[in-house]
Amino acid sequence: MITLDKRNNNTKLNSKNFKKISDTNRKHLSFKGAGTSAFTGVTKVADLFIKSQENLSSTRFIQDTVTNWAPKAIFSRSKADFAEMSFLEFLESGIFYFASPIFGEKIFRNKIFKNFLPSAIKNKVNEQIPKTVEAITKNNTLTDEVKKRAISTKAGIVLACTLIPVAEYTLSFAKNLFTLKAFKKSNFNNIANLDKNNNEKESIEQQNRVERNAKKQLKKAAIISAAGIAAGAGLALYGHKSTALQKISKTILEPGKAIAKLADKAGVKSNKFKNTISRFSLDFSDNNGKLALSKGQLGFTALLGLFGYSKAAEDRGKLDVAEVWTRVPLVVFYTTFGGEMFEKAFTKILEKKNKFTDIVQKTAEGTLKTPSRAELPALAEKIAKARNTLPEKELIRLTKEKAIVTAIPYAFSLLFMGLTLSAITRIWTQYRYNHQQKTQAQNNLNLYTFSNNIEVPEIYKEVEQKIK
């Protein structure tokens, strides 16, 4: 027996129990040290998958690019179609995953705009940049100058990053120019290989129009981007000096709140509409103190991309425009809202069926949430202590469950938004082309048969038989 004497209490512990407690403590210490690094086999794959979903870096870039690119590559209709699709997908993913961290964080925040601040408060202001307007204004430890400079500098960075959505809009024109120069093609019917007999000839006039418009849009994009950088720099330098500029800065960062106020003044009574629209923000998201692409920026950039796709398609033919409006609106919606909506719907089903109760958690507000990968080890320890189990086993279970909850929406994205949508779009475009050709042939045939006295040439008799 081992006796521990205390002033007010004598505690006797059996040596076997003492050893058991020590072993448990050692296991917990060992678990804290090892964490997820001890994973093997299926659990390790599951952990890597979760990490790739939560990490907006090169891993996510590769994964999402392949998800969007591979299905289109499978259904590509010609070398030109494959090349321009690859050109578009890789550059587009680069804009979404690297433009904000590179331009917003590394260049504008830490290389350029930081130098506009007085040295005495430079670091203090720069620390506030990733935080929300509300967090900055309500921080009583900050002086008014720090608050004002932080808000105007944030808005200046957003303005300077106008080049990101502008690049997305212009990307389709760059793609048109790339295809024209690399393959000498500007007619969408030829690029998509819709005419299997290759009877359609390229129009020099159309090629000139495609090149002229593409270069015009690229020049315009450069001018708008330069203006955005200049305006952003001006706001960062002088935005703290004026109440009007402060108001403009807040509107740039949170246009939804400004719209909600206007709606309220206009007599709009729907609180649901005003609350929803007020959440629209063009501010960056905070990624552990670093600027990252936010949902609002993603949605705005994707929407501009849709109109860029459509406008660039007009130069190449009606079928290109039709294909854009068949596919891209769905992609934009899913990119901005769909993945999150589908995951929420899936977690609701799990909650109703009482599945994965440790992963699908209900917040104090009554909404459902799932813990992030970083939160899993602490959750595993908490559950292990409550249930007198090993934290390693709990973490393995939680990791697998989290992977399943994450994988179902991802599989939907791959199967529907990737493979199915790509296949349907291409089949539908080919159908439109075939229907267009039949209609044109029928119209030509009608020109020769408007009178019984006119002999119909043999070639149109053959066409008539085919139509029938």
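A residue is taken as buried when its relative accessible area is under 20%, and as exposed when that value is over 50%, with partly exposed residues in between. By this criterion Glu-394, with a relative accessible area of 7%, is buried in the predicted model described here, although its side chain carries one half of a salt bridge to Arg-397, in which the closest N and O atoms are 2.7 Å apart. Arg-397, at 25% relative accessibility, counts as partly exposed. Both Glu-394 and Arg-397 belong to helix α17 (residues 391-448), where they are three residues apart, about one turn of the helix. The pair also takes part in a network of salt bridges that links Asp-358, Arg-387, Glu-394, Arg-397 and Glu-401.

In the protein as a whole, 18 helices and six strands are found, and buried residues make up 41% of the 468 residues. Among contacts between residues at least 6 apart in sequence, 65% join residues at least 24 apart. The protein exposes about 26800 Å², of which carbon and sulfur atoms supply 59%.

In soluble globular proteins, nonpolar side chains tend to be buried together. In this model, the largest nonpolar core contains 43 residues, of which Phe-108, Phe-113 and Ile-157 touch the most other members. At least two residues of this core are supplied by each of α4 (79-112), α6 (133-137), α7 (144-160), α8 (163-183), α10 (204-238), α11 (243-253), α14 (295-314) and α15 (318-352), and the largest share, seven residues, comes from α7. When residues up to four places away in sequence are not counted, Phe-108 touches Phe-103, Phe-113, Lys-114, Ile-157, Ala-160, Cys-161, Leu-163 and Ile-229. Apart from the largest core lies another, of 12 residues, among them Leu-350, Val-360, Leu-376 and Leu-395.

Helix α11, one of the contributors to the largest core, has Gln-246, Ser-249, Ile-252 and Leu-253 as buried residues. These four cover an arc of only 120° around the axis, and are therefore placed on the same side of α11. On the other side of the helix, Thr-243 and Lys-247 are exposed. The cover over the buried residues of α11 includes α6, α7, α10 and α12 (255-265). At the start of α11, the backbone nitrogen of Ala-244 has a side-chain oxygen of Ser-242 within 3.2 Å.

A search of the whole structure finds 20 salt bridges, including two further pairs in which a buried residue meets a partly exposed partner. In helix α7, Arg-149 and Glu-145 lie four residues apart, about one turn of the helix, and form a salt bridge whose closest N and O atoms are 3.0 Å apart. Arg-149 counts as buried because its relative accessibility is 9%, whereas Glu-145, at 37%, counts as partly exposed. The side chains of Glu-254 and Lys-257 likewise meet in a salt bridge, at 3.4 Å from N to O. Here Glu-254 is buried, with a relative accessible area of 15%, while Lys-257 is partly exposed, with a relative accessible area of 36%.

Terms used:
Residues numbered from 1 in each chain as written. Predicted model: local features only at pLDDT ≥ 70, side-chain atom pairs only at ≥ 80, totals over all residues. Heavy atoms only, no water. Core = buried A, V, L, I, M, F, W, Y, C linked by side-chain atoms within 4.5 Å. Buried < 20%, exposed > 50% of the residue type's maximum accessible area, 1.4 Å probe, protein only. Contact = heavy atoms within 4.5 Å. Areas by Shrake-Rupley, 256 points an atom, 1.4 Å probe, with all protein chains shown as cover. Arc of directions from axis to C-beta. Polar contact = N/O pair within 3.5 Å; in protein donor to acceptor, adjacent residues only side chain to side chain. Salt bridge = Lys/Arg side-chain N within 4 Å of Asp/Glu carboxyl O.
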